[in-house]
Amino acid sequence: MKNKTAAQKLTELESVIMDAIWELGEATVRDVQEHLQAVRPMARNTVLTMMGILRDKGFLQSTREGRTDVYRPKVSRNQVSRHSLREVLDRFFGGSAFALVSQLLDSKEMDAEEIKAIRREINRRLKDRDTRRKELLMIQNVGVPLFALLVMAVPIAILIFVWML
């Protein structure tokens with residue numbers, strides 16, 4: 001997220017509107033109002049006001065198409081969720097990811113399947129990290145002999161070229 005937007009927070013209602021726009025990709029006020037009708041009905045003026053606020057905060061951009069404004073997200077859901085998670089991590093867990101995960105695992109809301117999925121994701125990421133480290137070490141270990149080979153090969157190539165003349 002951009003600095004101005006990163007400092008901003010989404011209220012609950014702003015989050016509802018942003019969720020609708022992220023799902024729709026781009027939307028008019030009417031599109032958002034209709035999209036939310038089943039889950040959270042709102043007056044047109046409420047949606048219009050909230051989308052204006054979100055644009056002013058830097059979460060949305062709008063373009064005029066005829067007599068209608070079309071809104072698009074300026075930030076992704078992932079950017080906003082990372083920022084919000086970082087804020088929760090810092091505010092409630094002293095920046096400790098371990099404390100956050102421990103609290104999650106202690107909560108009654110997590111079932112065994114979710115815990116297994118988290119374990120699989122952690123194992124996958126550790127494996128990816130190990131693979132990248134091994135590849136980097138191989139490149140570093142091969143780098144020195146390869147450089148030495150190139151240093152020796154250039155003079156030999158010059159000698160062969162001169163000999164062929």
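In the predicted model, Gln61 is partly exposed, its relative accessible area being 38%, a value that lies between the limit of under 20% for buried residues and that of over 50% for exposed ones. Gln61 belongs to strand β1, which runs through residues 60–65. When neighbours within four places in sequence are left aside, the residues in contact with Gln61 are Val70, Tyr71, Arg72 and Lys74. For Lys74, which stands 13 residues away along the chain, the C-alpha atom is separated from that of Gln61 by 6.0 Å. Strand β2 covers residues 68–73.

A second partly exposed position is Ala97, for which the relative accessible area is 46%. Ala97 lies in helix α6, which is made up of residues 97–106. Between the C-alpha atoms of Ala97 and Arg86 there is a separation of 9.5 Å, the two residues being 11 positions apart along the chain.

Taken as a whole, the protein contains seven helices and two strands, and these elements follow one another along the sequence in the pattern α-α-α-α-β-β-α-α-α. The chain comprises 165 residues, of which 19% count as buried. The accessible surface amounts to about 12,600 Å², with carbon and sulfur atoms providing 60% of that area. Among contacts with a sequence separation of 6 or more, 50% are accounted for by residues that are 24 or more positions apart.

Helix α3, formed by residues 29–36, has buried residues at Val29, Val32, Gln33 and Leu36. These buried residues line one face of the helix, because in a view down the axis of α3 they fall within an arc of 100 degrees. Arg30 and Glu34, by contrast, are exposed and are found on the other side of α3. The cover over the buried residues of α3 includes helix α2 (residues 12–24), helix α4 (residues 44–57) and strand β2 (residues 68–73). Strand β2 thus appears among the elements that cover α3, while Val70, Tyr71 and Arg72 are among the contacts of Gln61 described above.

The largest pocket was also examined. The volume of this pocket is about 310 Å³, and the residues that line it are Ala117, Ile118, Glu121, Ile122, Arg125, Leu126 and Arg129. By side-chain class, the lining consists of four nonpolar and three charged residues, with no polar residue present.

Definitions and conventions. Residues are numbered from 1 along each chain as its sequence is written. This is a predicted model: local features need pLDDT of at least 70, side-chain atom pairs count only at pLDDT 80 or more; totals for chains, interfaces and linings use all residues. Side-chain values use heavy atoms; hydrogens and water are left out. Buried means under 20% relative accessible area, exposed over 50%, partly exposed in between (1.4 Å probe, protein chains only). Helices (H or I, at least four residues) and strands (E, at least two) are DSSP runs, numbered from the N terminus. The arc is that of the directions from the helix axis to the C-beta atoms. Contact means heavy atoms within 4.5 Å. On a 1 Å grid over the protein atoms alone, a cavity is a set of points where a 1.4 Å probe fits but cannot get out, and a pocket is an open set with protein on both sides within 12 Å along at least five of seven lines; lining residues have an atom within 4 Å of a point. Grid points are joined across faces, edges and corners, and a volume is the space filled by probe spheres set on the points. Ala, Val, Leu, Ile, Met, Phe, Trp, Tyr, Cys and Pro count as nonpolar, Asp, Glu, Lys and Arg as charged, and the others, Gly among them, as polar. Accessible areas come from the Shrake-Rupley method with a 1.4 Å probe; for residues, only the protein chains shown count as cover.
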